[in-house]
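Colleague: Got a minute to walk me through this model? I'd like to start with the ligand and then move on.

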Amino acid sequence: MKDVIILGIESSCDETACAVIKNGQLLSNIISTQIEMHKKYGGVMPEIASRLHLENIGIVIQEALFKANISFNDLTAIAVTRGPGLIGALHVGLQAAKTISLIYNIPLIPVHHLAGHIYANEFVKPLKFPLLAVVVSGGNTELVYMEKHMDFKVIGETQDDAIGESFDKVARVLGLPYPGGVEIDRLAKKGEHTYNLPTPLHDNSLNVSYSGLKTAVINLKHKLETNGEVIIKENMAKSFQDVAVGLILDRVKKAVQRYKVKQIVLAGGVSANSYLREEIVKMFNNTNIEVIIPPIWCTTDNAAMIAKVGEYLYQRKVFADLSLGVDPSWRIENYLEY
Ligand code: KG4
């Protein structure tokens with residue numbers, strides 16, 4: 001059988017990434033992160049992200065091919081993140097992919113970024129269906145139910161901010177550097193839950209909400225400062241994290257009561273959170289539901305996961321032509337509409 005070699009490209013936020021997969025085996029996975037640059041501004045600056053993607057994409061592609069010991073002529077297809085993400089950033093990856101597709105006359109495969117995060121778990125274990133994917137990232141928060149491969153149903157989602165966004169904003173309020181989630185996780189380990197924060201969206205749905213929680217932290221901070229009290233950052237981090245992650249845990253618990261699943265997978269940047277990882281494992285200990293905890297490299301943006309989804313779409317001949325555009329708010333259910 002002919003080898004299937006897929007080049008994956010990812011540029012939806014602040015990582016320029018490229019990877020090569022040959023017949024399911026990851027040959028290279030190159031990531032150029034912009035975090036240090038965005039740190040100065042306390043968050044991702046879209047304009048700067050696009051410029052840095054432009055500066056780095058050629059180098060990252062070359063490096064991925066070099067590490068995989070292949071040339072452009074060996075490629076079977078090219079898979080690229082089409083959305084969701086930052087519009088300018090997405091365009092850079094897509095233009096690079098289109099150019100390669102045109103020059104080397106290979107299929108162009110549009111990949112949904114969150115499908116990538118879910119399928120990153122396949123580098124750990126094969127996915128088992130039906131499954132529940134807990135997608136928690138800087139730009140998205142959703143519970144995705146899958147009955148089979150490449151079949152996504154959003155059964156719960158944020159009504160406002162993403163969970164990662166709330167970690168980052170609360171961190172900024174506390175004077176912690178970007179990306180705030182990492183810092184809150186670190187500080188929370190040394191703190192206690194002493195601050196009283198409201199549990200958002202006290203209802204029976206599978207949806208979540210984070211903007212009220214963020215505002216509650218800001219208001220509490222003002223109140224304490226006005227009263228001349230010193231905020232204990234470790235305790236605020238722990239109190240916030242307990243509520244933010246607690247809401248996800250509550251929704252997961254409800255979801256498995258309503259949907260019979262064999263497996264739960266964590267996906268996205270916030271799945272690096274140590275409290276979430278520990279609690280979700282505890283929750284399903286001694287049950288017949290298997291929990292996959294992705295290694296940290298799988299939780300951050302990378303192109304290996306895009307190439308992985310690219311393999312599934314290649315088998316299904318999901319190819320686009322050069323008129324393909326990006327979609328910053330592409331919904332996962334519509335991953336075949338582009
Ligand atoms: O998936 P990702 O790279 O971004 C999107 O594609 O949206 O996730 C980045 C997010 C940031 O909000 C960051 O603060 C958060 O993931 N994050 C964490 C942790 N590590 C990264 N949040 C909580 N705990 C962590 N350990």
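Modeller: Here is a quick tour of the ligand, the cores, one asparagine and some salt bridges. Keep in mind that this is a predicted model.

Colleague: Ligand first. Which residues come nearest to the ligand?

Modeller: There are 19 residues around it. Gly 139, Asp 168, Gly 181, Asp 185 and Gly 269 come nearest.

Colleague: What does Gly 269 offer the ligand, backbone or side chain?

Modeller: Backbone. A backbone N or O atom of Gly 269 is 2.8 Å from a ligand oxygen.

Colleague: And how far is the side chain of His 113 from a ligand oxygen?

Modeller: An N or O atom in the His 113 side chain sits 3.2 Å from an oxygen atom of the ligand. Asp 301 also has a polar side-chain atom 3.4 Å from a ligand oxygen.

Colleague: How much of the ligand's accessible area does the protein cover?

Modeller: The protein covers 89% of it. On its own, the ligand has 560 Å² of accessible area.

Colleague: New topic. How many residues are in the largest nonpolar core?

Modeller: That core has 47 residues. Leu 132, Val 134, Phe 240, Ile 248, Val 252 and Ile 264 have the most contacts inside it. Elements giving two or more residues to this core include strand 6 (131-136), helix 5 (163-173) and helix 8 (233-258).

Colleague: Which element gives the most?

Modeller: Helix 8, with twelve residues.

Colleague: What does Phe 240 touch, leaving out residues up to four places away in sequence?

Modeller: Phe 240 touches Ser 166, Phe 167, Val 170, Ile 184, Leu 197, Leu 213 and Val 217. There is also a second, separate core of 35 residues. Among its members are Ile 6, Leu 127, Val 144 and Cys 298.

Colleague: Any general reason to expect cores?

Modeller: Yes, a broad one. In soluble globular proteins, nonpolar side chains tend to be buried together.

Colleague: Now a polar one. Where is Asn 273 found?

Modeller: Asn 273 is in the loop between strand 9 (263-267) and helix 9 (274-284).

Colleague: Buried or exposed, that Asn 273?

Modeller: Buried. Its relative accessible area is 5%, so Asn 273 falls under the 20% cut-off.

Colleague: Which side chain does Asn 273 join in a polar contact?

Modeller: Gln 241, at 2.9 Å. Setting aside neighbours within four places in sequence, Asn 273 contacts Phe 167, Asp 185, Gln 241 and Val 245.

Colleague: On to charges. How many salt bridges are there?

Modeller: The count comes to 18. One of them pairs Glu 183 with Arg 186, at 2.7 Å from N to O.

Colleague: Where do Glu 183 and Arg 186 lie?

Modeller: Both lie in helix 6, three residues apart, about one turn of the helix. Glu 183 is buried at 16% relative accessibility, whereas Arg 186 is partly exposed at 39%.

Colleague: What about Glu 225, which residue is its salt-bridge partner?

Modeller: Lys 221, with the closest N and O atoms 3.1 Å apart. Glu 225 and Lys 221 sit in helix 7, four residues apart. Lys 221 is buried at 18%, while Glu 225 is partly exposed at 41%.

Colleague: And Arg 251, buried or exposed?

Modeller: Buried, with a relative accessible area of 2%. Arg 251 forms a salt bridge with Asp 250 at 2.7 Å. Asp 250 is partly exposed, at 30%.

Colleague: Which residues do shared partners join into one network?

Modeller: Salt bridges that share partners link Asp 203, Asp 250, Arg 251 and Lys 254.

Note on methods. Residues numbered from 1 in each chain as written. Predicted model: local features only at pLDDT ≥ 70, side-chain atom pairs only at ≥ 80, totals over all residues. Heavy atoms only, no water. Buried < 20%, exposed > 50% of the residue type's maximum accessible area, 1.4 Å probe, protein only. Polar contact = N/O pair within 3.5 Å; in protein donor to acceptor, adjacent residues only side chain to side chain. Contact = heavy atoms within 4.5 Å. Core = buried A, V, L, I, M, F, W, Y, C linked by side-chain atoms within 4.5 Å. Near = heavy atom within 4 Å. Areas by Shrake-Rupley, 256 points an atom, 1.4 Å probe, with all protein chains shown as cover. Salt bridge = Lys/Arg side-chain N within 4 Å of Asp/Glu carboxyl O.
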